[in-house]
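This report concerns charged side-chain contacts, and it then turns to one helix. The sequence and the model are shown first.

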Amino acid sequence: LFEKLEAGLGRTSSPKLLQSLFGGSVVNQIIDKAGRRLSERVEPFFVISIEVKNKASVMDGLAQFVEGETLDGDNKYNFEGEYVEATKRCCISRLPPVLILHLKRFEFDFDLMKKMKLYDHCEFPPSIDMAPYTVRYLERQEKLLGEAEGPSPADEEDGDCVYELAGVLVHTGTSDSGHYYSFIRERRAAQPGAHPWLHFNDTLVEPFDSSEIGKNCFGGVEPVVSWDVDTNKPVQRTQVKPHSAYMLFYEKVSAHAQSREGAPEAVPRGEGRDGARDQPMAEAEAGAEAEGGDSEAGATAGAEYVEHARLCSDAALSVAVPEEVAREVWAENMHFLRDRYLVDGLHFEFLLRVVRMAFSSVASGAAPADHGAS
């Protein structure tokens with residue numbers, strides 16, 4: 001999906017928009033027992049996949065993500081012609097303004113030779129500190145442990161790694177069939193500090209109580225009462241919940257907090273007050289292009305663009321919909337309405353009644369009126 005969106009954005013004035021918002025990078029490292037970096041390879045990402053099988057929470061999955069794999073025995077690492085014991089791990093080198101976590105709810109069972117859905121109970125917090133999973137934090141911890149100086153003090157940049165939950169994509173069903181819907185936090189709250197949630201399910205949009213996120217998204221089992229024919233009475237049993245979170249969307253707290261500090265006069269997105277190209281947008285694109293170079297500049301630019309975009313939305317800026325988009329939306333809505341009424345049960349029932357009335361008239365021998373007789 002991201003590849004298709006990026007291909008479409010390539011013909012616009014913001015070809016690096018997705019990269020500036022969701023793009024981060026991980027570094028694959030191979031480290032020997034002495035702490036030497038034998039190999040490092042940086043890779044970009046839009047989504048981080050987290051294991052949920054036998055994991056109590058997303059935090060356990062993230063811990064496994066950076067835990068690493070020991071290369072020993074026949075699996076030793078070949079470094080310059082010498083086989084050495086080492087650790088292979090993957091950790092985050094640059095965090096995006098909006099972090100997407102993919103929960104691995106599906107796996108292939110080689111015993112049954114079929115795809116299975118994992119219904120394990122896996123919790124996720126309303127806020128998350130991603131600092132312990134970054135290469136900067138891990139290397140600092142290793143250095144202090146090697147010097148026997150005890151635990152690491154907090155670093156100033158670690159505070160820029162805190163995220164707040166902004167949305168949850170839920171899958172309900174089995175591995176063969178199912179349905180997706182979402183819960184999204186409203187940013188433009190009516191009162192400061194209040195952030196109500198909304199439930200989006202196809203055409204249904206309704207308020208949602210965030211205290212129910214665990215019940216609706218964590219998965220696991222739930223008690224149900226059913227009638228037992230043997231005892232001839234209702235009994236309580238447990239069954240797996242068909243619905244569980246599939247993707248989590250976290251928003252960096254620093255960008256969100258800064259956007260609330262005195263919103264300036266709103267300007268159209270992508271333009272400055274003098275009609276020129278907006279600086280945060282340009283910096284975000286430049287930072288995304290510098291993925292292989294100055295990663296910190298790219299992260300800063302992405303955060304600045306998120307802040308600017310939210311300032312515009314918080315001011316409830318009214319923007320005219322382009323005529324081309326309006327026509328396309330109108331056509332899609334009319335197509336939806338036609339399909340809805342053509343396949344509606346009442347429509348078919350009406351047609352059936354009309355046909356039956358026609359056949360009844362023919363069976364009773366009633367001749368059609370001759371309007372041409374003189």
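In this predicted model, Glu 85 counts as partly exposed, because its relative accessibility of 32% falls in the range between buried, under 20%, and exposed, over 50%. Glu 85 forms a salt bridge with Lys 33, and the closest N and O atoms of the two are 2.7 Å apart. Since Glu 85 lies in the loop between β6 (82–84) and β7 (86–94), and Lys 33 in the loop between β1 (24–32) and β2 (37–45), the pair ties together parts that are 52 residues apart in sequence. Lys 33 itself is exposed, with a relative accessible area of 71%.

The structure holds 13 salt bridges, including the three listed here.

| Pair | Closest N and O atoms |
|---|---|
| Glu 85 and Lys 33 | 2.7 Å |
| Glu 139 and Arg 37 | 3.4 Å |
| Glu 142 and Arg 89 | 2.5 Å |

Glu 142 lies in helix α4 and Arg 89 in strand β7, so that their salt bridge ties together parts 53 residues apart in sequence. Of these two residues, Glu 142 is partly exposed at a relative accessible area of 32%, whereas Arg 89 counts as buried at 9%. Arg 37, Arg 89, Glu 139 and Glu 142 are linked in a network of salt bridges.

Helix α3 (residues 58–67) has Val 58, Gly 61, Leu 62 and Val 66 as buried residues. They cover an arc of only 130 degrees around the axis, which puts them on the same side of α3. Just after α3, Gly 68 takes a positive phi of about 95 degrees.

Key
Residues numbered from 1 in each chain as written. Predicted model: local features only at pLDDT ≥ 70, side-chain atom pairs only at ≥ 80, totals over all residues. Heavy atoms only, no water. Buried < 20%, exposed > 50% of the residue type's maximum accessible area, 1.4 Å probe, protein only. Helix = DSSP H or I, 4+ residues; strand = E, 2+ residues; numbered from the N terminus. Arc of directions from axis to C-beta. Salt bridge = Lys/Arg side-chain N within 4 Å of Asp/Glu carboxyl O.
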